[in-house]
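Hi everyone, thanks for letting me take the slot today. I'd like to walk you through a structure, strands to begin with and helices after that. Have a look at the screen.

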Amino acid sequence: MLTRKKFPLHADLENVLVTEQAIRRRVKRLGADIAAAYGDSEITVIAIINGAILFTADLLREIPNPIRLDCIRIASYRNDTKSRSQPQLLQSLSLDIGGRHVLLIDDILDTAKTLSLVAKMIGKLNPASLRTCVLLDKRGRREVEFEADFVGFQIPDKFVVGYGLDFAERYRNLPCIGVLKSTLQNPPEWA
Ligand code: XMP
């Protein structure tokens, strides 16, 4: 019988904030809430990559509606845990979204600079409706007034990694979400 290999990256975590099981349960519930909100309508999902890749992949399999998927790439952080002053658009949409019901998905709502910027850009393209969904919400860190329509978990003001969230492109493959040890948050060899 195959046994599941342990993740050595776990050792880099101060503590686990959200377990793999809790994520699975919450994603199922979010999928049901989203399906209920949209009725039978088709949804045009826009995922902000890379952070929302894992969350989006799991969430979409819990939504039975017809779905079109597009991705947008925004740079919010460099290889450290401090926010850039202004998020940068690195890759734009390829689907038309005029007259469509759009669901914008991100991994985490922090200062809200990223989601508010992208929501503004999408709003200008005249969608029929625009809702937002985030896995994590650090409400205490807002710099821009913004709330998501669907939220997985409220979390404290800690830098977290795992389940799509990275530090210097590492840790995205951890199946849980955890707080990265502070001693690992600025290693010069990763910069
Ligand atoms: P803002 O501040 O614009 O940030 O709401 C959203 C983007 O910043 C990244 N982010 C994090 N990434 N751990 C991460 O790995 C964190 O604790 C964290 N907080 C913010 C993330 O890319 C998000 O899309």
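So, V134 stands opposite V151 in β7. This is a predicted model, by the way, so keep that in mind as I talk. The two strands involved here are β6, which covers residues 129-137, and β7, and they pair in the parallel sense over four bridges. How much of β7 is buried? Four of its five residues are, so strand β7, residues 150-154, counts as mostly covered.

If strand pairing is new to you, here's the background: strands of a sheet pair through backbone hydrogen bonds, and they do it either parallel or antiparallel.

Okay, on to the antiparallel case. Find strand β1, residues 13-18, and strand β9, residues 177-180: they pair in the antiparallel sense over four bridges. If you want a spot to zoom in on, go to V18, whose bridge partner in β9 is I177. Now β9 is also joined to strand β8, residues 160-161, by two bridges, and these strands run antiparallel too. Over there, V160 stands opposite V179 in β9.

Put that together and you get an open sheet of three strands, in the order β1-β9-β8, with antiparallel pairing. Which strands stand at the edges? That would be β1 and β8; each has a single partner strand, so one side of each is left without a neighbour in the sheet.

Right, helices. Let's take α2, residues 53-60, where the buried residues are F55, T56, L59 and L60. Seen down the axis of α2, these buried residues fall within an arc of 115 degrees, so they line one face of the helix. Here's the general idea behind that: an α-helix has 3.6 residues a turn, so residues three or four places apart point the same way.

And what does α2 pack with? Helix α1, residues 20-38: the two pack at an angle of about 65 degrees, with their axes 9 Å apart. The crossing of α1 and α2 is right-handed. On the α1 side, the residues that meet α2 are V27, L30, G31 and I34, and on the α2 side they are F55, D58 and L59. Sorted by class, that contact has five nonpolar residues, one polar and one charged.

That's my tour, so grab the model and click around!

Terms used. Residues numbered from 1 in each chain as written. Predicted model: local features only at pLDDT ≥ 70, side-chain atom pairs only at ≥ 80, totals over all residues. Heavy atoms only, no water. Buried < 20%, exposed > 50% of the residue type's maximum accessible area, 1.4 Å probe, protein only. Arc of directions from axis to C-beta. Pairing = 2+ DSSP bridges. Axes fitted to C-alpha atoms, helices over the stretch in contact; angles between N-to-C directions. Left-handed = near helix turned anticlockwise from the far one by under 90°. Contact = heavy atoms within 4.5 Å. Nonpolar A, V, L, I, M, F, W, Y, C, P; charged D, E, K, R; others polar.
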